[in-house]
Every structure is written in C-alpha cells, then in structure tokens.
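Got your viewer open and a cartoon view loaded? Then let's take a walk through this model, one selection at a time.

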Amino acid sequence: MRRRKSLAVALTLAISTSVLAAPAVSATLTTPRCDTRPLWSALKSLRGAGASGISMAIESPRCGAWKGGVGLADLRTGRPVTGDEHSRIASDTKAWVATVVLQLTAEGRIRLDDSVDHYLPGLIRSRHYDGRRITVRQLLQHTSGLPDYLDAPYWEDETAHRWEHFEPLWTVRQALELPPPTDRPASGFSYSNTNYNLAGLIVTEVTGHSIATEIQRRITGPLGLRHTSWPGDRTTLPSPALRAYVERGGKLRDWTDWNVSGSDASGALVSTAADVTVFWTALLGGRLLPPAQLAEMKRTVPDGEGGRYGLGVERYEKDGLVTWGHSGFMETGHKLRNAVTGNGSRSVTLLVGSEEFDEDRVDATLGRLIRDLR
C-alpha cells in the first residue's frame, strides 16, 4: 500500500531469468472484430519487464473486455498467468474508498470541508496534530500533514508482524506519535496511508458499517465484481492467485501469504485485473458518482514528483496524453499499474507479481495501449 517511489527499479536477476525462459503468453477476447495486434504486442513487450508474472485486462469501445497474461503466476508449480488471477491491489483501494466517501457526500451525509473532529471527536489531539484543523478533503488528497504510520520504527522489520491482526484505529494512534513529514511541497501534499485508514473510520461512524461493507454495497455488488473481496484476517489469496516474489538476502522469496488487516482502507482489497478495469471504467464513465462529485475527485494538486493527485486518484500526463488511475504496492511484493482515459472509455490494468521489475517498460506499454485502443 506504499506509493511507488520511482519509475526505474533494478531488475531481479533470479526473476527475469526464470520468466524469460517461460513460454506463457495467453489471452481471452470477447470481441473478435477487434484488431488484437496492439494487445499481443503489449504482452510481448511485457515479457522483457523482468517480472515473474503480469496479469492484464483492458476495456475499450472496439475491443470490449479482454484479458491476458505473461509469465508465471506460480514459480514453484510453473502455472502460467492467464489473466484471471487474484492479487492484492494495494493502494488502488484508495480510489474505491474515496468513491464511497464521495457517494456519501452526494447524499449529504459527509461534507468534504468538515473537520475530522466533526466525525471523530477528540481522536486527533496531540502536540503536532489537531483534528479540528484537518478536513475530510485533506485526508483524501493527502494534504492533511499527518505522517504515514508505516514510518514508525515498529514496521522496520518487514516480516516481524506478518501474521498479526491490526485495527485501523491502532495504526492511526501509532501515526500520531510521529513527527510531521518534513518533505512536503508547496501544495502540502504528503502521501500517507494514515489518511485513508482515518477516512474508513469516518465512513463507519457515518454509516454504522465497515468500509468493507460499504464497498460491497455501493461498488462491488452493483457492478457485479464477483472476484473482488475484502480479506480481513485471511492470509491467502483466492484461487487462482498471482503469487508475489521479493528478493532478500540474495534469495527469491514468496511473500504472497500475509495478514494485511492493518492496511484496511489504505490498501486491503483483493481483486483481479478485469474487476479493477470494470471499476475504473464505471468510475470515470460517471456510473458511480454524480458529475459534481466526480469533478471534485479530479481536482488535483501537485504531488512534488511531477504528478498530480486528486481525491483518491492520480493524474498522469505524458506526450500530451492525460490518463487517470492509482498505482499500488504491497509489502507482499504485489504491484498494480493502470491507466484510464478521462471519460472511462479506455482502461488498462496490470497486476504484477514481483517487487522489482522494469517500471519504465511497463508504464510505456500502458501508454501505448491507451493510445492504440481506439
């Protein structure tokens, strides 16, 4: 659920060697009249990205819904990626949570410029932080000034708490013990998972239901996303799973199984590339939010790294092409990349089963696909 920090990451030799030797490239297309050459070209390009396995799904007016994959979903068994795999989508969860909050805004149950203290009285009162001066909008836009609870020394050992349950309220209180971030740009942006765990708590306070329940009632149920789930304390992924790998101590390790309860509203969702693509197509196509709330979501501030951030969405622009989405990175090694046109007509999602891969190649492939899928 941490945000990506750079677009260039060194390849993991053990992963790339095994994947390049694997012949697995597969796809399923629902609209046979579509010119599939850009899709197959994309898959071939992704073979050289150095990831163990990549699951891909697209939607476009001419191609309809399409899914495919490259590499291996499981290095131990040699199972190839087919495009049906379940994965942890990490911080892409934030867009789903922001959608719920904005739906509640449209219903008059939450106001973006109300303070956090209005909904959670007295929770944020410390030497550095005051919930009376932090708004819901600032939580969703990462301009609250609250630190990321994952920066606490408690989390320095990546696997020490791998199997433990954590309540989101505990993660918030942990963050309040940290000093304010010092690297904020003029916009005040500072990416913090604490913000979204707080947003989830506000949803619970307002609705009487968990954020997991509200996502199911408002998004996954109405859209028929049968392969999207909230794991709770479940440490395994539904089958088929995109297993994830990291390199530690010179060895390749499978870290797929993990208790991610602490991630909560900042990054707990499990989904497939196809389900994520349907969500983004519906969101930017205006099927989940009224026009006023969708416009609020797309009001962005500079993130200090050359990009812009709205309310739970990232805005990308390269060579005159503007796309939207939200990247994701989970401690397990799972990563997500996506790109969606502003009206939701074209959408691409990539789920990656490796902590390290050639992100420049992956992002370039996303850009080419969005341009080619007319």
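The stops below cover two helix pairs and then a few backbone oddities. Keep in mind that this is a predicted model.

**Stop 1: α3 and α9**

Select residues 93-106, which is helix α3, along with residues 273-284, helix α9. Their axes come within 11 Å of each other and cross at roughly 40°. Angles that fall outside the parallel, antiparallel and perpendicular ranges count as oblique, so that is the word for α3 against α9. The crossing itself is left-handed.

Now show side chains where the two helices touch. From α3 you want A95, W96 and T99; from α9, pick D275, V276, F279, W280 and L283. Colour this contact by residue type and you should get 6 nonpolar, 1 polar and 1 charged.

**Stop 2: α9 by itself**

Stay on α9 and hide its partner. How far does α9 reach from its first C-alpha to its last? The 12 residues cover 17 Å, close to the 16 Å expected at 1.5 Å a residue.

Next, bring back the surroundings. Because 10 of its 12 residues are buried, α9 is largely enclosed by the rest of the structure. Among those buried residues are F279 and W280, which also belong to the contact with α3. D275 is on the buried list too. Just past the helix, click G286: its phi is positive, near 85°.

**Stop 3: α2 and α11**

Select residues 37-46 (α2) and 359-372 (α11). Here the axes sit 10 Å apart, and the packing angle is about 180°. That makes α2 and α11 roughly antiparallel to each other.

For the side chains, show P38, L39, A42, S45 and L46 on α2, then R361, V362, T365, R368, L369 and D372 on α11. This contact splits into 6 nonpolar, 2 polar and 3 charged residues.

**Stop 4: backbone oddities**

Go to the loop between α8 (211-223) and β6 (245-248), where P240 lies. The peptide bond from S239 to P240 is cis, with omega near -5°.

Then jump to H142, in the loop between α5 (136-141) and α6 (168-175). H142 has a positive phi of about 60° although it is not a glycine. Is H142 buried or exposed? With a relative accessible area of 0%, H142 is buried.

Last selection: D319, in the loop between β11 (314-318) and β12 (321-325). This is another non-glycine residue with a positive phi, near 55°. Turn on the surface to look at D319, which counts as exposed at 68% relative accessibility.

Notes. Residues numbered from 1 in each chain as written. Predicted model: local features only at pLDDT ≥ 70, side-chain atom pairs only at ≥ 80, totals over all residues. Heavy atoms only, no water. Axes fitted to C-alpha atoms, helices over the stretch in contact; angles between N-to-C directions. Helix = DSSP H or I, 4+ residues; strand = E, 2+ residues; numbered from the N terminus. Parallel < 35°, antiparallel > 145°, perpendicular 65-115°, else oblique. Left-handed = near helix turned anticlockwise from the far one by under 90°. Contact = heavy atoms within 4.5 Å. Nonpolar A, V, L, I, M, F, W, Y, C, P; charged D, E, K, R; others polar. Expected span 1.5 Å × (residues − 1). Buried < 20%, exposed > 50% of the residue type's maximum accessible area, 1.4 Å probe, protein only.
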